[in-house]
Amino acid sequence: MDLTILSVKGIIILVIFGVTLLIAMYSTYAERKVAAFLQDRLGPNRAGPWGLLQPVADAGKMFFKEDFIPAQASKWLFILGPCLAILTALMSSAVIPFGDSIRFAWDGVKYDVNVQAIEINIGVLYIFGVVSLGVYGIMVGGWASNNKFSLLGAIRAASQNISYEIALGLSLIAILMMTGSLSLRSIVNEQATFFEWNVFTQPLGFIIFLTCSFAECNRTPFDLPECETELIGGYHTEYSSMKLGFYLFSEYINMFVSSAFISALYFGGFHYPFMDLVSSGLEGSLGAVAGHNVATAIGVVAFFAKIFFFIFFFMWVRWTLPRFRYDQLMNLGWKTFIPLSILNVVITGAGLLYDFKYATWLIATVMIVLAVVSTARAPKRQVRPQTTTA
Amino acid sequence: MIETLNFFKTLSPTGWLFIVLTILTLFSAVSVVTAKNPIYSVLGLIFTFFCLSGHYILLNAQFLAAVNIIVYAGAIMVLFLFTIMFLNLRKEEEESKTNLTKIVSVVVGGLLMVMLIQIFRAKSAQVPVVNPGSFNSQTGMVENLGELLYGDYILPFELVSILFLIAMVGAVMLGKRETGDRHF
């Protein structure tokens, strides 16, 4: 690798890092705005125009608060916990392909650099490795606090993450079977035409993956590790100042990364309908190099639009659905999602034998029919008018 | 002394990486055994797995490195940590070990070491020296590994998966709550 590619890659890595932090920062703002919208309130509107400076103000507040370490806590692990959380959260965006490639000429040599921090042929496994490490930040922090509530929160988080990781991985296997590669870029490039987006070929896998990523991010309806009615604050009960900030921040980064992951795996990444027409038109009018770069930029914008939609979806669900009970969570993970995703793998394999990509619609159809039948057969719930005893 | 210095001068960046990784691995592995608190012990083991994954990457075995992290550091060690946290071993007191257990463990450990050294020294187990002519950097990649596993080694591979299935069924049977058992 020569120096030019290295420096361009360096710039791309820095930009991705900065963008990740910026999006995580404004996700906190967006979350409060979405919550306000759904609850018919105004939300933050004091700091700056439309409250846009609210995240900065929050960060300032976090930094200047007292950084408290409980006397009986094990000090180094207490510090290590949030560090691990934010580290693993930031690591995972490294392999996401944000766009096609940038073309440029330097010193008469033509370059073609991918808009992606690192391209490895085991990108999916890399993300899995990093995601499975994410739980250590929570566990170490929760244990080191020397507080029963923190410990319970940490243990809940760990068991939840382990349980849903299995279904997450199994639902992905179907995609890997169809693509035949573990590289995220080749998975994205497989979905060049609109109706070959994996969400159309793998509807069931998509739903399983989406739900499991909610659980992996500890988001509602799976936010039992920080269920305040049972556990006060969960694993970060004892944390204050920026250490708490890191925990909260890593949740938003995880949300961003899993949105990006979902868009890349199931929604075609940086592809959009009529992309070929647009890029050939641009290359025709602006020249091969500039046209290609503009087309790449449009692809990046499309990818971020998908990401933002999924971040919004995360928030939308959070403010719509109530929390599950813990046994419901475990049953859903182990008794529903794991068998379903194994079935998904089997049906996909059978479909691939006969070169039919849309085989899993069979399960989806059966499930929809079953759901409709069971709803129709369920006893109608009577809504009684409330009798007021005056 | 000068020879050692010269040795370090001839090292390539990969060699430096190897030495640093090895030192880290050894230190963390020793800390697993010597740590008083079991939590630190487990964390040391996790770090050891990371260093081993680094070694795998140096050996150009990306897939093995990733799987090592996912399976060992990501799943098994979480369960270890989980169990130890539940045991609540906060009191940092040394368990009373009788002299007999100490002697037996030293003997067993020593025997294992002798056995391993013998295996590594055996003529039949000599690792062949790298031949630059036939060296293929793609050997450890997923595609090649998959072709090998599902081609030449299909029978052992399937047998291992049956073994795993049996172990899984056994674990589920052991963990199953029978009628009349206490609800926790």
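Me: In this predicted model, what makes the packing of helix α2 (residues 54-64) of chain A and helix α10 (residues 241-266) of chain A oblique?

Reply: The two helices pack at an angle of about 135°, with their axes 6 Å apart. Oblique is the class left over when an angle is not under 35 degrees, not over 145 and not from 65 to 115. The value of about 135° falls in that remainder, and therefore α2(A) is oblique to α10(A).

Me: Which residues make the contact, and how are they classed?

Reply: From α2(A) come A:A59, A:M62 and A:F63, and from α10(A) come A:S241, A:M242 and A:G245. By class, this contact has four nonpolar, two polar and no charged residues. Gly counts as polar under the scheme used, so A:G245 of α10(A) belongs to the polar class.

Me: Why is chain A called as compact as a globular protein of its length?

Reply: Chain A has 14 helices and two strands. Its radius of gyration is 23 Å, and the globule rule gives 21 Å for 390 residues; the two values are close, so chain A is as compact as a globular protein of that length. Along the principal axes, the C-alpha atoms of chain A fill a box of roughly 80 × 60 × 40 Å.

Me: How does chain B stand against the globule rule?

Reply: Chain B has a radius of gyration of 22 Å, whereas a compact globule of 184 residues would have one near 16 Å. The C-alpha trace of chain B spans about 70 × 50 × 30 Å along its principal axes. Chain B has seven helices and zero strands.

Me: What share of each chain is called buried?

Reply: A residue is buried if 20 or more other C-beta atoms lie within 10 Å of its own. Buried residues make up 43% of the 390 residues in chain A, and 12% of the 184 residues in chain B.

Me: Which residues have the most contacts inside the largest nonpolar core?

Reply: That core has 106 residues, and those with the most contacts inside it are A:L125, A:M139, A:A154 and A:F256. Leaving aside residues up to four places away in sequence, A:A154 touches A:I138, A:M139, A:G142, A:W143 and A:Y235.

Me: How do the two chains touch, and which element of chain B has the largest share?

Reply: 16 residues of chain B are in contact with 17 residues of chain A. Helix α4 (residues 62-87) of chain B gives the largest share of the chain B side, 13 residues. By class, that side has 14 nonpolar, two polar and no charged residues.

Terms used: Residues numbered from 1 in each chain as written. Chains lettered and ligands numbered in written order. Predicted model: local features only at pLDDT ≥ 70, side-chain atom pairs only at ≥ 80, totals over all residues. Helix = DSSP H or I, 4+ residues; strand = E, 2+ residues; numbered from the N terminus. Rg over C-alpha atoms; globule rule 2.2 N^0.38 Å. Contact = placed C-beta atoms within 7 Å. Core = buried A, V, L, I, M, F, W, Y, C linked by C-beta atoms within 7 Å. Axes fitted to C-alpha atoms, helices over the stretch in contact; angles between N-to-C directions.
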